[in-house]
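Look through the model with its aromatic side chains in view. The text below takes the ring pairs first and then the charges that lie over rings.

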Amino acid sequence: PGLSTLPVELISFTAKVNNGVVDLNWTTSTETNNLGFEVQRSTDNIEFTMIGNVDGVGNSTQTKNYSFQDSSVSYGLYYYRLRQNDTDGSFSYSKVVEVNVPNPAEFILNQNYPNPFNPETIIRLSLPNNGYVKIVLYDMLGREVKIIRNEYLTAGNYNISFNGNEFPSGTYICKAVSEGHSSAIKIVLLK
């Protein structure tokens, strides 16, 4: 039997850290019967778990670029690989790429995304040290309308989901406080 060629030719696979989010990018030169890519993550380079799926083009002789963002990392070493799945059920793995997510250098409450939102948004917080964190939502008159989080968190980057279903449209102040640090952002709920 002759050598069979891989149905999908992967020419690059990279991981970079950007504001506490891991950007994964990969490129294929050719694809045959490519169902898609399962993105897998590991903290020990042994046990990998699926964190997402990216559909493949199927059949192509052109260069195709793919990307995936992993925002559910805190800090430390992470390993990623792709499991490329064919339409016939066969699969192959990419090489493993490694990335080091640094501990945040400072306390930052990043602007929520999306903003304006309806009804869900993600509040992003960078915490340089372990500590109690309180995230509170205020109306424009300064009245507390909801405690979003009030708990002890370890240092790292957090994506905190917030659902504004129970609130009327409008502009709110989201304030985060942790051991001598305080930060606030304006968030807009548009229904």
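Rings of Phe, Tyr and Trp, for Trp the six-membered ring, form a pair if their centres lie within 6.5 Å. The model shown here is predicted. Ring pairs link Phe13, Trp26, Phe37 and Tyr66 into a cluster.

How many aromatic pairs does this rule give? The count comes to 9. One of the pairs is made by Phe91 and Tyr93, with 5.7 Å from centre to centre and 80° between the planes. Planes over 60 degrees apart count as edge-to-face, and the pair of Phe91 and Tyr93 is of that kind. Phe91 has a relative accessible area of 42%, so this residue is partly exposed. Tyr93 is also partly exposed, because its relative accessibility is 40%.

Another edge-to-face pair consists of Tyr132 and Tyr152, where the centres are 5.1 Å apart and the planes meet at 70°. This pair links distant parts of the chain. Tyr132 belongs to strand E11 (residues 131-138) and Tyr152 to strand E12 (residues 144-153), and the two residues are 20 residues apart. Is Tyr132 buried or exposed? Tyr132 is exposed, because its relative accessible area is 54% and the exposed class begins over 50%. Tyr152, at 45%, counts as partly exposed.

Rings can also have a charge over them, and Arg81 is the residue to find here. The charged end of Arg81 sits over the ring of Phe48, 4.1 Å from the centre of that ring. Arg81 also lies over the face of Tyr93, at 4.1 Å from the ring centre. Tyr93 is the residue that pairs edge-to-face with Phe91.

Methods: Residues numbered from 1 in each chain as written. Heavy atoms only, no water. Phe/Tyr/Trp six-rings, centres within 6.5 Å; stacked < 30°, edge-to-face > 60°. Buried < 20%, exposed > 50% of the residue type's maximum accessible area, 1.4 Å probe, protein only. Helix = DSSP H or I, 4+ residues; strand = E, 2+ residues; numbered from the N terminus. Lys NZ or Arg CZ within 6 Å of the ring centre and 35° of its normal.
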